[in-house]
Amino acid sequence: MDAELAEERVLQAEIAAVRRACENPPAPWEEKSRVQKSFQAIHQFTSEGWKSSKDLKNQLGHLESELSFLSTLTGINIRNYSRQTEDLTSTEMAEKSIRKVLQRHRLSGNCHMVTFQLEFQILEIQNKERLSSAVTDLNIIMEPTECSELSEFVSRNFGRARWLTPIIPAFWEADAGRSQEDRKDLFMFFRSLHFFVEWFEYRKRTFKHFKEKYPDAVYLSEGPSSCSMGIRSASRPGFELVIVWRIQIDEDGKVFPKLDLLTKVPQRALELDKNRAIEAAPLSFRTLLGVLGIEAALESLIKSLCAEENN
Amino acid sequence: MAGILAPGLGVLAHLERLENQTSRSRKRSEAQAQERVLGTKIQKLRHLRDDPRAALWHRRGSVKACIANVEPNRTVEVNEQEALEEKLENVKAILQAYHFTGLSGKLTSRGVCVCINTAFEGNLLDSYFVDLVIQKPLRIHHHSVPVFIPLEEIAAKYLQTNIQHFLFSLCEYLNAYSGRKYQADRLQSDFAALLTGPLQRNPLCNLLSFTYKLDPGGQSFPFCARLLYKDLTATLPTDVTVTCQGGEALSTSWEEQRASHETLFCTKPLHQVFASFARREKLEMSLVS
């Protein structure tokens, strides 16, 4: 009985609550208006929203095509980029209307088979007359590749490239005392990178071409990307000519090829060689290069060793 | 019947018992009736509560269902839009980042406008542009490259066959020119005290001529330097001649100095050489005083 009385009381309370809920239309009305609002929003979306999203898509498509065009134009493909800006203007500087801003950039990408990652800082100082920007720090991280010459260049000139591990950045002491080795030449890196890759690809193509043209005579011990090509002749075993083609990068970022000829001849041939032609071969090769150019010089070398086979 | 056996007491007791019985049964039936009434009341109340509640819930449910139907679409679209915007920002940023390679460009109606940025020793200097028309053959519509840079030569060699080479080659020339100009400008502005005469230079900044003294106001003879930069893609001179004015009676120490200066000018940028002169001078002054 008590239980039932209790239940009766509870029920009464619940009924009251339900009645109140029914009487306060705001609750369901609110939600309905919310629904209306969403519909409105969607409608707006539909009219200008579809337009803006299509706009966005168009814009994105246009920019992406511009990006791929730029990448083809320069040969450099930037995949990631981020930057942080820090305002270093102190109050005294602000009074003299001088603004100092430090920007930290990070970008990564590839140029053909070379992947790079750069972190650099640019300090911008704006005073009344002009704006000066300077690269104050440059770190280059490159993945180990077959291009040892490139990695040497980067570590020599930018002092600090290392395999995949970011390095402690060197700090640029303002003005005097800055050593020549502390290069912050960002653009030079990219220029040299481009020319290096150009030579690399050219060397690869040339080696491949000769391998295909003279499959028996030419052998590439480390594949077409290596820096040496060997010439053998089946009819003259024991004789071998090895052409070493290095791509060197000097301190100013200039890229130039350096070719050398190595000869391997049997002892008897050396004894018979009265004119010392074999000793002079490397030097003659250099002259030949100067006269004929790389491809023609290589071709003539191959032909000279394998003269009998070609007949 | 027991009452007859116990007269008086028994009858009263019996009557009491009977009364109790009746009242109990009455109470019981009352209670039962009450219960029944309560029961039905509760049932009614329950109905009273449940029906409108159900209706309310139904209404709420349908509204919620509406909103639920509406909102996922909306959130999906919002997400899509946000993703698109993010991607757009990303692509814009990467396009901007190309400036740091030294070469960047913008598509135009005719072709592309390539912007070449120059820098020297980390200092970002002038930019130049070349507007290319993409047609067969490729041609340069207009450009801001100075007249003394051999643009036509480079274009004749590479523009049609290897546009990348053309662009990077042009970059080399422009960067070298910017670098030489920067060195000459710095010499004129920062080290005017050490110069005894005006700095003579040509527009290409590959021929510089000036006279300088290590100790301005001192008794030493001024040196006369002539720097020739034959390689237009280099920022260091190829030919340097340093002579001493008042050429007679050159002691060995002056001769040594002259020779060392020649080497210095060949290996270090101009303004750095003068900075080292200035430092040496300061050091000597501090030692003397």
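Here are some questions and answers about this predicted model.

Q: Why is Ser71(A) called buried?
A: Its relative accessible area comes to 17%. The word buried applies under 20%, so Ser71(A) earns the label.

Q: Where does Ser71(A) sit, and what does it touch?
A: You'll find Ser71(A) in helix H2 of chain A, which covers residues 26-74. Leaving aside residues up to four places away in sequence, Ser71(A) touches Ile76(A), Asn77(A) and, over in chain B, Tyr98(B).

Q: What makes Val11(B) partly exposed?
A: Val11(B) has a relative accessible area of 43%. Buried would need a value under 20% and exposed a value over 50%, so Val11(B) falls in between and counts as partly exposed.

Q: What makes Val11(B) eligible for a surface patch?
A: Patch members need over 30% relative accessible area, and Val11(B) has 43%. Val is also on the list of nonpolar side chains used for patches. Val11(B) joins Leu12(B), Leu15(B) and Leu18(B) in a nonpolar patch, and together they have about 360 Å² of accessible area. As for its place in the fold, Val11(B) lies in helix H2 of chain B, residues 9-97.

Q: How do you know that the largest pocket is lined by both chains?
A: Look at the elements that each supply at least two lining residues. From chain A come strands S1 (77-87), S2 (99-111), S3 (114-126) and S4 (131-142). From chain B come H2, strands S2 (111-120) and S3 (123-133), and helix H4 (163-190). H4(B) gives the most, with seven residues.

Q: How much space lies in the largest pocket, and which residues lie nearest its centre?
A: The space is about 1,200 Å³. The lining has 40 residues, and those nearest the centre are Leu131(A), Ser132(A), Ser133(A), Ala134(A) and Leu124(B).

Q: What makes up the secondary structure of each chain?
A: Chain A has nine helices and nine strands, while chain B has six helices and eight strands. Reading along chain B, you get α-α-β-β-β-β-α-α-β-β-β-β-α-α.

Q: What share of each chain is buried?
A: In chain A, 39% of the 311 residues count as buried. In chain B, buried residues make up 39% of 289. For both figures, the cut-off is a relative accessible area under 20%.

Q: How much area does each chain expose, and what share comes from carbon and sulfur?
A: Chain A exposes about 17,800 Å², with 52% from carbon and sulfur atoms. Chain B exposes about 16,500 Å², with 57% from those atoms.

Methods
Residues numbered from 1 in each chain as written. Chains lettered and ligands numbered in written order. Predicted model: local features only at pLDDT ≥ 70, side-chain atom pairs only at ≥ 80, totals over all residues. Heavy atoms only, no water. Patch = residues over 30% accessible without salt bridge, like charges linked within 9 Å, V, L, I, M, F, W, Y side chains within 5 Å. Areas by Shrake-Rupley, 256 points an atom, 1.4 Å probe, with all protein chains shown as cover. Salt bridge = Lys/Arg side-chain N within 4 Å of Asp/Glu carboxyl O. Helix = DSSP H or I, 4+ residues; strand = E, 2+ residues; numbered from the N terminus. Buried < 20%, exposed > 50% of the residue type's maximum accessible area, 1.4 Å probe, protein only. 1 Å grid on protein atoms, 1.4 Å probe; cavity = no way out; pocket = protein on both sides within 12 Å on 5 of 7 lines; lining within 4 Å. Points joined across faces, edges and corners; volume = space filled by probe spheres on them. Contact = heavy atoms within 4.5 Å.
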